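Open the structure in your viewer and keep the selection tool ready. We will go stop by stop.

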Amino acid sequence: MSDITFRLPSFLPVKSRIFDVRSSMSGSPRSEVLSGLTVAVALVPEAVAFALLAGVPPLVGLYAAFIMCLVTSILGGRPGMISGATGAMAVVVVSLVAQHGIGYLFPAVVLCGLIQITVGLFKLGKFIRIVPHPVMLGFVNGLAVVILLGQFGSFKTLGADGAMHLLEGARLWTMLGLVALTMGIIAFLPRLTRVVPSSLAAILLVSIVAVAMNAASGADADDTNAGHPVLTVKDMLVDNTRAAAVTSAQRAKDAAVLAAARSTLPPNVEATPLSAGPVSPLTDVERTAAVASVDRASVGIAGGLPRLAWLDFQMPPMAWATLWIILPYALILAGVGLIESLMTMTLIDELTDTRGRGNRECVGQGVANVACGFFGGMGGCAMIGQSLINVKSGGRGRLSGITAACALLLFILFLSPYIEAVPMAALVGVMFMVVIGTFEWTTLQTWRRIPRTEVLIMLVVAAYTVFMHDLATAVIIGVALSALVFVWKKSKHIVADVHFNEYGSKCYQLHGVLFFGTTPEFRELFAPQDDPDDVVIDFYYSRVYDQSGLEAINALAERYARVGKRLHLRHLSADCRKLLDKAGKLVEVNISEDPHYHIATNKSV
């Protein structure tokens, strides 16, 4: 199979083949297994970070990544695509967990999965076809920027004030150097050998360097002001957990202060904060106590097999009140998850010159989310970054996803100390290379050669994705803008060729589509007062798209009837004839020459 490359702009003096997204895609079992191992390592920090974002324990995110990856790899409609816990889902459930507790999360995820299964069974996944190419380009470019910006969080460590701050001095330069080393290995190792995926080789080599540097430094890893010279996955887990503990302590203190203030007020008087900041900032002693409450040894990815959620968490009562609480979240989760998954499927389709099955993917995502809800996972959807890592590393089949899921479970059960020692610089370097391969560089060269409206759509979708971090809404906005542009252009393109036939009747041969946008122009084409007694409108080169068009035809027939003239309509569709039946003898339809319009089927979807 021929390679497809992402060609970089001329100001980047690097050969395009280095960033070939299809490199090493042999499809062999060895490539699938090695690619799955690479993805599994990259899944760990993402799953933990999104779990902390959602306000749930790290294992809830890791279990979700394992279940989503395994089930969708087996049942999904896009081999080679990786699913797991994602930020798009995390930002939806964070308010549910904060307001009602983690127990409400799991039934919401189950209901989300049932909705997604229903969408797939009713074959609604085919509507991903309506996403225009400019929207896809804006989505991909915006996503690349989001992935890029998301990596800067890995350059932060816990400060003395209990908040996360950017690295400084030698630790910053060390991390930058290791990131550059990782990117260099990924870029240039394929020139020497393709036996091992370059991403996996880079992670292993940079991990060896990092372990040696941390061991030689002799620094106390539990010292939040110094710590390891090279940040590891363990350091990221501990720092983020301690920062979350400080935030939780601040919220608890603010709630206590507000409760005390309200207790002194009359019953009908409410006390509210004057600003969004803390009501009563933590003292240094309180902050130190919050940090010290998190024991480094107790933080990690180690755990057991997933268990039924109600064995470890208190579930809400099975009542209508619970359903009304979780239903809005479930609907949003289902929509966000399906849109992001189907968009990822479309991207992988383009990179591999194959076609995924959208409806099957909807069912696979739904079954995976149902399983997540039952076994204590936070739910998820397709992960674009990890899917691209998989594709680039050679994973094209289901074996790569199954391997990634099983390896992740092994990490949780037995290998957590080794995974926690992986430097964040190696994972950041891998994701930076994903960004370079994801961004559609050709848009920087062709934007002057395509319509301005399409450039605007790309910019709007990309900007909304970057600033709002909401991929699903960005796609919906892009599709809506594309539809408006289409309607505006089509509303200007309906004309009629006028001639007289051998019987002296005036014939209007329509060209264009008749729908709500063109009905004003359609009405202006005719002058019943000036036309002869017999008028023929031929729709052979025209189509009627909606109810507005049908009503416009009926109104025109009535206009001719009021002046005592006959209107003949030819080559109308069956729907249009049905509406015009009420015109009776005043309207003559030539049924024998009416065509049958065919629609797309659901085969192979």
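What follows is a short tour of a predicted model.

**Stop 1: a pair of rings**

Start with the aromatic side chains. A search of the whole structure finds nine aromatic pairs. Select Phe152 and Phe432 and show their side chains. Their ring centres are 6.5 Å apart, and the planes meet at 55 degrees, so this pair is tilted. Now colour the chain by position. Phe152 belongs to the loop between helix H5 (133–150) and strand E2 (156–158), while Phe432 sits in helix H16 (residues 424–438). The pair therefore ties together parts that are 280 residues apart in sequence.

Is Phe432 buried or exposed? Turn on the surface and look. Phe432 is buried, with a relative accessible area of 13%. Phe152 has 39% relative accessibility and counts as partly exposed. Add Phe155 to the selection. Ring pairs link Phe152, Phe155 and Phe432 into a cluster.

**Stop 2: the helix behind Phe432**

Select the whole of H16. How many of its 15 residues are buried? The count is 15 of the 15, so H16 is largely enclosed by the rest of the structure. Next, try the distance tool on its end C-alpha atoms. They are 21 Å apart. At 1.5 Å a residue, the 15 residues of H16 should span 21 Å, which agrees.

**Stop 3: a charge over a ring, and an unusual phi**

Go to Lys126 and Phe127. The charged end of Lys126 sits over the ring of Phe127, 5.8 Å from the ring centre.

Then select Lys123, in the loop between helix H4 (105–121) and H5. Lys123 is partly exposed, at 35% relative accessible area. Check its backbone. Most residues other than glycine have a negative phi. Lys123 is not a glycine, yet its phi is positive, about 60 degrees.

Find another case at Asp353. This residue lies in the loop between helix H11 (320–352) and helix H12 (358–374). Its phi is positive too, about 55 degrees, although Asp353 is not a glycine.

**Stop 4: cysteines without a bond**

Select the cysteines. How many disulfides are there? The count comes to zero. Zoom in on Cys372 to see one case. The closest cysteine sulfur is in Cys112, and it is 9.6 Å from the sulfur of Cys372. That is too far for a bond, because a disulfide needs the two sulfurs within 2.5 Å. Cys372 is buried, at 0% relative accessibility. Cys362 is buried as well, at 1%.

**Stop 5: three strands and two crossovers**

Finish with the strands. Select E6 (residues 506–514) and E7 (residues 534–544). Eight bridges join E6 to E7, and these strands run parallel. For one bridge, show Gln509: its partner in E7 is Asp538. Add helix H20 (residues 519–524). E6, H20 and E7 make a right-handed β-α-β unit.

Now bring in strand E8 (residues 566–570). Five bridges join E7 to E8, and these run parallel. Select Ile537, which stands opposite Leu569 in E8. From E7 the chain crosses through helix H21 (residues 547–562) to E8, and this β-α-β crossover is right-handed.

End on Asp538. It stands opposite Arg570 in E8, and it is the bridge partner of Gln509. While you are here, look at where the side chains point. In a regular strand they alternate between the two faces of the sheet.

Technical notes:
Residues are numbered from 1 along each chain as its sequence is written. This is a predicted model: local features need pLDDT of at least 70, side-chain atom pairs count only at pLDDT 80 or more; totals for chains, interfaces and linings use all residues. Side-chain values use heavy atoms; hydrogens and water are left out. Rings of Phe, Tyr and Trp (its six-membered ring) pair if their centres lie within 6.5 Å; planes under 30 degrees apart count as stacked, over 60 as edge-to-face and the rest as tilted. Helices (H or I, at least four residues) and strands (E, at least two) are DSSP runs, numbered from the N terminus. Buried means under 20% relative accessible area, exposed over 50%, partly exposed in between (1.4 Å probe, protein chains only). A charge sits over a ring if NZ of Lys or CZ of Arg is within 6 Å of the ring centre and within 35 degrees of the ring normal. Two strands pair if DSSP finds at least two bridges between them. A crossover is right-handed if, with the strands pointing away from the viewer, the path from the first strand over the helix to the second runs clockwise. The expected span of a helix is 1.5 Å times one less than its number of residues.
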